[in-house]
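Let's take a walk through this one, starting inside one chain and working outwards to where the chains meet. Have the viewer open as you read.

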Amino acid sequence: MYAYDTYDHAMVNARVAEFRDQVDRRMKGELTEEEFRPLRLMNGLYLQLHAYMLRVAIPYGTLSADQMRKLAHVARRYDKGYGHFTTRQNIQYNWPKLSETPDILQELADVEMHAIQTSGNCIRNVTTDQFAGAAADEVADPRPYAELIRQWSTFHPEFSFLPRKFKIAITGAAQDRAAVKWHDIGLVLKKNETGEIGFEVLAGGGMGRTPVIAKSMRDFLPVPDMLSYLEAMLRVYNEQGRRDNKYKARIKILIDAMGIEEYTRQVNAEWEKIRHVPIDVPEKEVARIKAFFAPPPLAVSADDVAEVTELANANFIFKAWLNNNAGAHKVPGHAHVTISLKPHGGIPGDASDAQMDLVADLADAYSQGEIRVSHEQNLILPHVAKKDLPALWAKLDEAGLGTANAGLLTDIIACPGLDYCALANTRSIPIAQSITERFDDLKRLMDIGPLKIKISGCINSCGHHHAGHIGILGVDRRGDENYQLLLGGSGAEDASKAAILGPGFNEVGIVDAVEKVVAVYLGEREDEESFLNAYRRLGPDVFKEAVYGTD
Amino acid sequence: MAKKITGPQLILANRLDDGRAVFLTASGTWSNTAADSAVAENEAELDTLMTVAQAADLANLVVSVTPVAADTSGDAIAPAHIKFAMQARGPSVRADLGYQVSPNWEQ
């Protein structure tokens with residue numbers, strides 16, 4: 001993992017001291033709310049329905065066990081004993097007091113964490129594959145590049161007041177687990193014909209009220225050119241993105257207006273001007289960063305472990321967990337393990353302080369002290385020896401963290417919705433809970449297979465409904481919560497926009513509608529065909545007929 | 001002058017120091033209980049309440065002062081819209097948190 005140097009420590013500590021002074025001045029009335037609001041937002045502090053909300057950055061979703069313990073401590077001491085892991089691989093606390101926020105930030109700074117640039121019209125937390133550095137299918141570990149982008153973008157003076165917020169995702173594997181095509185900029189690590197590593201560069205993706213899938217603008221950008229090229233991309237956007245209308249200010253709107261060819265031409269022209277000035281990082285510094293992400297010393301061992309097979313044969317739930325939550329590691333004899341934060345009837349992405357402490361202890365015991373957060377709101381132990389899987393599962397299961405549903409229908413993304421969020425139109429969490437209660441039979445879930453449901457409580461799309469195989473969007477219909485059903489989206493390498501099926505439902509009707517859609521799939525699927533492939537083959541009509549009838 | 005209103009209104013805000021939702025009372029104080037809300041039946045009354053509320057904003061007691069439609073049909077006054085009713089109760093998915101536990105749930 002990356003470790004702060006003296007500059008990092010000094011910068012973050014200085015920011016905490018600065019914010020402490022700003023809070024003090026606000027409490028004394030020396031700053032008005034109008035003056036203070038942008039300052040608190042720059043430190044990740046929002047005002048929501050019931051309280052302030054603090055969003056803490058987890059850079060590219062990577063945490064040490066000690067950092068997780070600190071997150072648990074913050075939840076216990078300053079909040080209500082829990083935190084919420086988000087689709088940007090961050091954590092949010094729902095009840096912090098303004099006056100205590102500087103103390104929280106100082107505690108976080110002590111373990112090399114902060115809340116800088118988790119809000120505002122700046123470059124937000126760079127997200128990546130939650131299995132980075134562990135996945136068997138990756139070309140290269142994307143985290144050193146994510147860290148370089150983090151350093152380049154943090155406090156970047158030119159890009160601190162962009163037309164709108166800006167999100168970058170990077171994946172090191174062809175199988176896209178980071179939803180890169182739904183980002184303002186997506187980077188896909190690949191090898192060219194000579195074996196050199198570089199990036200396919202995509203731009204102009206995004207969700208919100210205008211969902212757009214990013215377009216490819218460069219097939220291969222050599223790694224050493226990454227930062228200067230990003231700088232050119234941001235500069236063109238910063239200069240030409242609209243500032244007159246916040247709903248038209250994202251880069252997707254600019255690229256749609258000028259066309260990807262013209263945007264690429266302007267970026268390339270800008271890049272030619274700047275590519276030889278020292279923006280890109282010298283190879284020696286890149287090597288220093290990469291060394292922080294050196295593979296852990298895992299001993300190669302056999303993939304077949306007798307005690308794992310025996311337990312799987314004897315215990316169906318463990319077998320399901322093994323199939324769904326443990327994935328192929330690049331080092332034989334190991335697995336990456338997804339800890340589901342989606343217990344049936346639970347709140348997607350929430351973890352209690354005790355659960356966070358347990359995950360930290362299990363990371364120390366079984367995963368080289370490393371933890372990841374996925375954009376699908378789960379936690380990951382990236383480096384687990386297969387022989388340890390039975391013991392790990394038993395401990396997780398005892399703490400309510402052993403749900404064997406990773407990648408299945410009940411592994412639902414849901415935004416906080418109207419239960420917490422000041423922007424929401426409807427609640428999201430209760431819909432997720434109702435669906436997981438309706439589909440609570442693990443055998444049935446495994447028969448249904450991979451199916452991603454994503455729920456947003458408003459058009460801002462924090463719950464990624466546009467990318468759901470089944471998406472649900474909450475809308476305010478004359479003061480009542482109403483839920484639209486969308487089908488056919490994907491956040492993976494085959495990204496697609498989900499389409500609205502028809503009129504919306506109330507909170508009971510939407511769950512019935514999901515069940516009808518799943519029934520159509522089970523009746524119509526061919527062989528091992530997934531839900532998404534079946535929908536793409538069948539089209540919406542057969543689903544529409546089942547959900548709305550033929551009248 | 002206040003905006004034209006079509007029904008009774010109450011005033012909702014968040015306390016500055018901890019962000020908790022609070023409701024303006026007829027005596028000009030802020031309560032944790034929506035039922036304690038002063039209700040404006042017309043624009044003039046809303047003007048009066050907003051003047052009091054904005055003074056509290058200027059005095060750094062509250063932020064995000066918002067007039068919202070009040071439901072006066074039941075036993076207790078409550079915000080009419082679900083969004084603001086949620087602020088009066090707390091998260092529906094955590095019955096152990098918020099004013100739904102008690103008005104003084106954090107003491």
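## A covered strand in chain A

How many of the 7 residues of strand β8 (residues 185-191) of chain A are buried? The count is 5, so by the cut-off of 20 or more other C-beta atoms within 10 Å, β8(A) is mostly covered. Bear in mind that you're looking at a predicted model, not an experimental one.

## Who pairs with β8(A)

β8(A) has a partner in strand β7 (residues 168-171) of chain A, and the two run parallel, with 4 bridges between them. If you want a spot to click on, try Ile168(A), whose bridge partner in β8(A) is Ile185(A).

Ile185(A) also stands opposite Ala203(A), a residue of β9(A). That pairing, between β8(A) and strand β9 (residues 197-203) of chain A, is antiparallel and spans 7 bridges. β8(A) and β9(A) form a hairpin with 5 residues between the strands. In that hairpin, look for Gly195(A), which takes a positive phi near 90°.

## Zooming out to the domains

Chain A splits into four stretches: domain 1 (6-110), domain 2 (142-292), domain 3 (306-398) and domain 4 (419-548). The hairpin strands, β8 at residues 185-191 and β9 at residues 197-203, fall in domain 2, which covers 142-292.

Further along the chain, the centres of domain 3 of chain A and domain 4 of chain A, taken over C-alpha atoms, are 27 Å apart. Where these two meet, domain 3 of chain A puts in 7 residues and domain 4 of chain A puts in 8 residues. On the domain 3 side of that contact, you'll find 4 nonpolar, 2 polar and 1 charged residues.

## Where chain B meets chain A

Now for the two chains. Chain B brings 21 residues into contact with 22 residues of chain A. On the chain B side, β4 (62-71) and α2 (82-89) each supply at least two of the touching residues. The largest share comes from α2(B), with 4 residues.

What's the chemistry of that chain B surface? It divides into 8 nonpolar, 9 polar and 4 charged residues.

## How confident is the model?

For chain B, the mean pLDDT is 95, and 97% of its residues reach 70 or more. As for the scores of the model itself, ipTM comes out at 0.96 and pTM at 0.97.

Note on methods
Residues are numbered from 1 along each chain as its sequence is written. Chains are lettered from A and ligands numbered from 1 in the order in which they are written. This is a predicted model: local features need pLDDT of at least 70, side-chain atom pairs count only at pLDDT 80 or more; totals for chains, interfaces and linings use all residues. Ala, Val, Leu, Ile, Met, Phe, Trp, Tyr, Cys and Pro count as nonpolar, Asp, Glu, Lys and Arg as charged, and the others, Gly among them, as polar. pLDDT is the predictor's confidence in each residue, from 0 to 100. A residue is buried if 20 or more other C-beta atoms lie within 10 Å of its own, exposed if 12 or fewer, and partly exposed in between; C-beta atoms are placed from the backbone. Two strands pair if DSSP finds at least two bridges between them. Domain bounds come from an automatic or database domain assignment.
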